[in-house]
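Trainee: Hi! I've just opened a new structure and don't know where to begin. Could you talk me through it?

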Amino acid sequence: MNRISSQLASQLSLVSLNGRRRPGPPALVVVAHGSRDPRALSTVRTLLDRIREQRAGLPVHLGHIELNEPLLPDTLAGLGSGEAVLVPLLLSRGYHIKRDIPEMAAESDVRARVAGALGPHPLLVDALHDRLVEAGWRTRTDEATRRRSAVVLAAAGSRDPESKVDTNRTAQLLAERLGVPVVPAYATTAAPKVRDAIQALASRGHDRVAVASYFTAPGRFATECAEAAPWIASAPLGTHPAMAQLVLHRYDQALSAPAAAVAPRGAGNRTTSHELPAIAI
């Protein structure tokens with residue numbers, strides 16, 4: 001009943017006193033990377049349902065950079081010349097956010113804003129913490145156990161140095177939350193690799209090392225990192241409630257930021273997309 005009332009109120013808010021329909025909010029386009037693992041697409045679709053539940057009346061769409069349909073250019077084509085905010089379902093800065101997504105947006109007719117990466121942000125730390133607890137992490141331990149404990153924050157990795165800055169910041173925030181060392185490590189391209197980070201912690205006396213999965217959805221990298229865990233490994237962030245909250249937060253930030261949108265094709269001199277500071281909260 002509450003959900004129906006919320007949807008009705010949202011619809012009525014689009015009608016002005018003279019009976020004319022007010023323009024609706026810009027569409028939210030969640031931009032996922034794409035994966036060959038079918039669990040990834042299922043997870044992202046469920047996350048979009050959670051977002052719709054939290055913001056009734058907001059048009060929410062999905063577009064992929066590669067591997068899955070709908071691809072982002074097709075999603076944008078379906079929006080015509082409307083207004084949209086593109087929120088990457090990516091956890092740090094990198095090539096996709098800086099180049100791929102803005103270029104796809106600029107090639108469409110959509111009046112688009114491109115939000116920054118989801119992370120770092122305290123909401124991600126909430127989700128990481130909860131996933132670790134679900135996997136068996138104990139929030140209350142004695143001092144001797146705490147000294148033996150550590151976490152490897154397993155991320156995908158990127159050649160972009162700013163991506164490592166963002167992941168390092170998330171690791172720092174998680175370490176402050178847990179009270180144990182948290183070492184960022186990567187599945188590809190960047191160093192250290194997850195297994196190397198685990199070995200380094202073990203050499204320093206940490207024989208109780210958990211792997212925190214810093215991935216938005218299940219996939220090959222998340223699976224490989226979890227298999228390397230000598231103790232427990234958490235599930236990907238997936239459909240944790242904080243993820244839906246954070247996507248909407250980035251949407252709202254992009255709308256309120258005093259920056260130019262991506263100019264549609266044929267609109268003269270194009271502006272670049274506004275990229276929100278990755279550590280803005």
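**A chat about the inside of the fold**

Mentor: Let's begin with the lining of the largest cavity, whose residues divide into 3 nonpolar, 3 polar and 3 charged. Here Ala, Val, Leu, Ile, Met, Phe, Trp, Tyr, Cys and Pro count as nonpolar, Asp, Glu, Lys and Arg as charged, and the others, Gly among them, as polar.

Trainee: Which residues line the largest cavity?

Mentor: The lining consists of Trp-137, Arg-138, Thr-139, Thr-141, Arg-146, Ser-149, Leu-178, Val-180 and Arg-208. On a 1 Å grid over the protein atoms alone, a cavity is a set of points where a 1.4 Å probe fits but cannot get out, a pocket is an open set with protein on both sides within 12 Å along at least five of seven lines, and lining residues have an atom within 4 Å of a point.

Trainee: Anything I should know about the model itself?

Mentor: It is a predicted model, where local features need pLDDT of at least 70, side-chain atom pairs count only at pLDDT 80 or more, and totals for chains, interfaces and linings use all residues. Residues are numbered from 1 along each chain as its sequence is written, and side-chain values use heavy atoms, leaving out hydrogens and water.

Trainee: OK, pockets next. How many residues line the largest pocket?

Mentor: There are 42, and those nearest the pocket's centre are His-33, Leu-90, His-96, Ala-156 and Phe-221. By class, the lining has 19 nonpolar, 16 polar and 7 charged residues.

Trainee: And which helices supply at least two residues each of that lining?

Mentor: Helix 2 (38-54), helix 4 (95-106), helix 7 (161-178) and helix 9 each do. Helices (H or I, at least four residues) and strands (E, at least two) are DSSP runs, numbered from the N terminus.

Trainee: How many helices and strands does the protein chain have?

Mentor: The protein chain has 10 helices and 7 strands. Of its 281 residues, 48% are buried; that means under 20% relative accessible area, with exposed over 50% and partly exposed in between (1.4 Å probe, protein chains only).

Trainee: Show me a strand. How many residues of strand 5 are buried?

Mentor: Strand 5 covers residues 149-155, and 7 of its 7 residues are buried. Ser-149, which also lines the largest cavity, points one way together with Val-151, Leu-153 and Ala-155. Ala-150, Val-152 and Ala-154 point the other way.

Trainee: Why do the side chains take turns like that?

Mentor: Because in a regular strand they alternate between the two faces of the sheet.

Trainee: What is strand 5 joined to?

Mentor: It is joined to strand 7 (residues 208-213) by 6 bridges, and the two run parallel. On the strand 6 side (residues 182-186) there are 5 bridges, again with a parallel run. Two strands pair if DSSP finds at least two bridges between them.

Trainee: Who stands opposite whom?

Mentor: Val-151 stands opposite Ala-210 in strand 7. In strand 6, Val-152 has Val-183 as its bridge partner, and Leu-153 stands opposite Pro-184.

Trainee: Is strand 6 enclosed or open?

Mentor: Strand 6 is largely enclosed by the rest of the structure, because 4 of its 5 residues are buried.

Trainee: New topic: what does Thr-167 in helix 7 contact?

Mentor: Beyond its neighbours within four places in sequence, Thr-167 is in contact (heavy atoms within 4.5 Å) with Ser-92, Leu-153, Ala-155, Pro-184, Tyr-186 and Tyr-214. Thr-167 counts as buried because its relative accessibility is 2%.

Trainee: And Ala-222, where is it?

Mentor: Ala-222 sits in helix 9 (residues 220-227), and it is buried, with a relative accessible area of 9%. Leaving aside neighbours within four places, its contacts are Ser-213, Phe-215, Ala-217 and Pro-236. Pro-236 is 14 residues away along the chain, yet the two C-alpha atoms are separated by 7.1 Å.

Trainee: Last one: which peptide bonds are cis?

Mentor: The bond from Glu-69 to Pro-70 is cis, with omega near 0°, and so is the one from Ala-191 to Pro-192, with omega near 5°. Pro-70 is in the loop between strand 2 (60-64) and helix 3 (72-78), while Pro-192 is in the loop between strand 6 and helix 8 (194-203).

Trainee: Any odd phi values in those loops?

Mentor: Most residues other than glycine have a negative phi, and most peptide bonds are trans. Leu-67, in the loop between strand 2 and helix 3, has a positive phi of about 75°. Thr-189, in the loop between strand 6 and helix 8, has a positive phi of about 55°. Leu-67 is partly exposed at 42% relative accessibility, and Thr-189 is partly exposed at 45%.
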